[in-house]
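Trainee: Could you take me closely through one part of this model, and then set that part against the rest of the chain? I would like a connected account rather than a list.

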Amino acid sequence: MKRYSPFIIGCAFLGLSSCSNSPKTDSFNVQGTIKDMPKTMVYLEEIGLNNELKITDSAESGSNGGFKLACTKDKEQKMYRVKMGTKFILVLNDEPTVKLKADWDNIEQYSVAGSPGSSSLKKLVNQMYAYDKMFEALHMSVDSINASPKHDSLLTVAQSEYDNRMNEMRSYMKQYADTTKFLPVAVLAALRVEDLLNDQSFLNKFTTSLDKRFGNQTLVADFKKLINSFGGSTKVKSSSVKLHTPAPEFNIKDFNGQSVTLSKYKGKYVLIDFWASWCPPCREENPNVVAVYNTFKDKNFDILGISLDDDKDKWKNAIKEDQITWTQTSELKGWKSSIVDLYGIESIPSNVLIDPSGNVIGINLMGDELKARLEELLK
């Protein structure tokens with residue numbers, strides 16, 4: 001199960017700035033009482049999108065488990081972690097003061113008051129935990145079925161249940177992301193949409209919605225950058241590539257600085273493969289592409305790799321690690337590559353299959369689908 005949720009707890013502290021413990025109208029205040037909590041330091045930490053945790057205040061808890069924390073009020077919506085030893089509670093700064101109550105031995109069942117955003121966050125996180133437990137149980141069930149001698153029919157039922165639950169979770173997360181009034185909650189829900197990077201329709205709709213709902217907040221821009229860094233895209237482009245039309249010509253340098261043109265491949269079936277060393281889904285797909293190349297390379301078929309890297313050393317290492325032997329090219333400009341715009345590439349991995357006449361006969365054929373298409377063409 002792939003997840004791209006950067007709100008990960010347990011990272012290095014990046015900064016320290018202390019505020020007064022007295023509630024103020026110009027501060028964000030967190031007040032709490034944790035019954036039976038041992039006397040300990042309590043920290044208020046701002047959570048960044050790329051795993052950063054920044055301490056904004058700290059205080060020692062009282063004998064009754066009480067504490068007060070405060071930091072400068074921010075105009076933008078942000079997520080915070082109230083950390084007590086190894087335990088924590090997540091809150092939002094949508095209101096000046098949020099009040100927490102819990103039992104130390106059952107802190108997950110905390111109550112929150114004064115902050116609708118924190119209540120919404122709690123509801124989402126509880127549902128996330130519930131889905132995690134459910135999928136863990138389903139995985140254990142599948143493992144048990146696989147261990148039995150006759151398991152095909154049972155496995156089909158288990159797989160159906162898994163798929164239904166996965167679709168249920170996707171729908172829940174999408175709806176939560178689309179309807180919540182709180183920006184950090186919307187982003188967290190979106191990042192829990194399974195296979196998010198391949199759901200371009202939702203990504204485009206969601207990012208457009210973020211702009212309209214939350215304006216020019218930093219988290220909106222950070223979310224778009226994060227998606228692009230994982231190989232997805234929040235851009236909407238009109239593709240220049242259409243089936244049964246000539247593929248646009250281009251001239252690009254290979255790894256050794258030699259010019260490569262698309263017309264060089266005329267007379268062959270050629271797969272233009274868009275990828276990058278920094279793109280996890282691309283690296284996962286590369287073994288399939290290598291297998292296809294090794295199977296069909298002697299049957300009038302070739303591959304032309306176009307990398308969206310901007311670091312030549314990382315590109316070189318990835319070529320070696322993934323055992324790529326076909327021609328590799330790149331402008332080393334990342335998403336600013338002119339061929340990205342020429343071909344209207346919206347996400348990677350992406351590919352275009354061209355026939356010997358130079359016409360497009362396939363777009364984004366991956367895994368078994370690509371292999372089956374080539375078997376049909378080159379049998």
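Mentor: Trp335 sits in the loop that runs between strand β14 (327-330) and helix α8 (338-343), and since this is a predicted model, everything said here about that loop is a computed property of the prediction. The relative accessibility of Trp335 is 12%, and because the cut-off for a buried residue is under 20%, Trp335 counts as buried. A second residue helps to place this side of the loop: Asp309 is 26 residues away from Trp335 along the chain, yet the C-alpha atoms of the two are separated by 8.3 Å.

To set this against the whole, the protein chain has 379 residues, of which 47% count as buried, and its secondary structure comes to 9 helices and 16 strands. Among the contacts in the protein chain with a separation of 6 or more, 67% are accounted for by residues 24 or more positions apart. The accessible surface comes to about 18800 Å², and carbon and sulfur atoms hold 49% of it.

Burial can also be followed along an entire element, and helix α3 (residues 183-191) is such a case: 9 of its 9 residues are buried, so this helix is largely enclosed by the rest of the structure. The buried residues of α3 include Leu183 and Pro184 at the beginning of the list, Val187 and Leu188 further along, and Leu191 at its end.

Turning from helices to strands, an open sheet is formed by 4 strands in the order β5-β2-β8-β9, with mixed pairing. Its edge strands, β5 (66-72) and β9 (111-113), each pair on one side only, and neighbouring strands of this sheet are turned against each other by 15° on average, direction ignored. Within the sheet, strand β2 (residues 27-35) runs antiparallel to β5 and is joined to it by 7 bridges; one residue pair to look at there is Thr33 with its bridge partner Gly66 in β5. In general, the strands of a sheet pair through backbone hydrogen bonds, in either a parallel or an antiparallel manner.

A further antiparallel pair consists of strand β6 (residues 79-84) and strand β7 (residues 87-92), which are joined by 6 bridges. Met84 has Lys87 in β7 as its bridge partner, and the hairpin of β6 and β7 has 2 residues between the strands, with Gly85 taking a positive phi near 65°.

Technical notes: Residues numbered from 1 in each chain as written. Predicted model: local features only at pLDDT ≥ 70, side-chain atom pairs only at ≥ 80, totals over all residues. Heavy atoms only, no water. Pairing = 2+ DSSP bridges. Axes fitted to C-alpha atoms, helices over the stretch in contact; angles between N-to-C directions. Buried < 20%, exposed > 50% of the residue type's maximum accessible area, 1.4 Å probe, protein only. Contact = heavy atoms within 4.5 Å. Areas by Shrake-Rupley, 256 points an atom, 1.4 Å probe, with all protein chains shown as cover.
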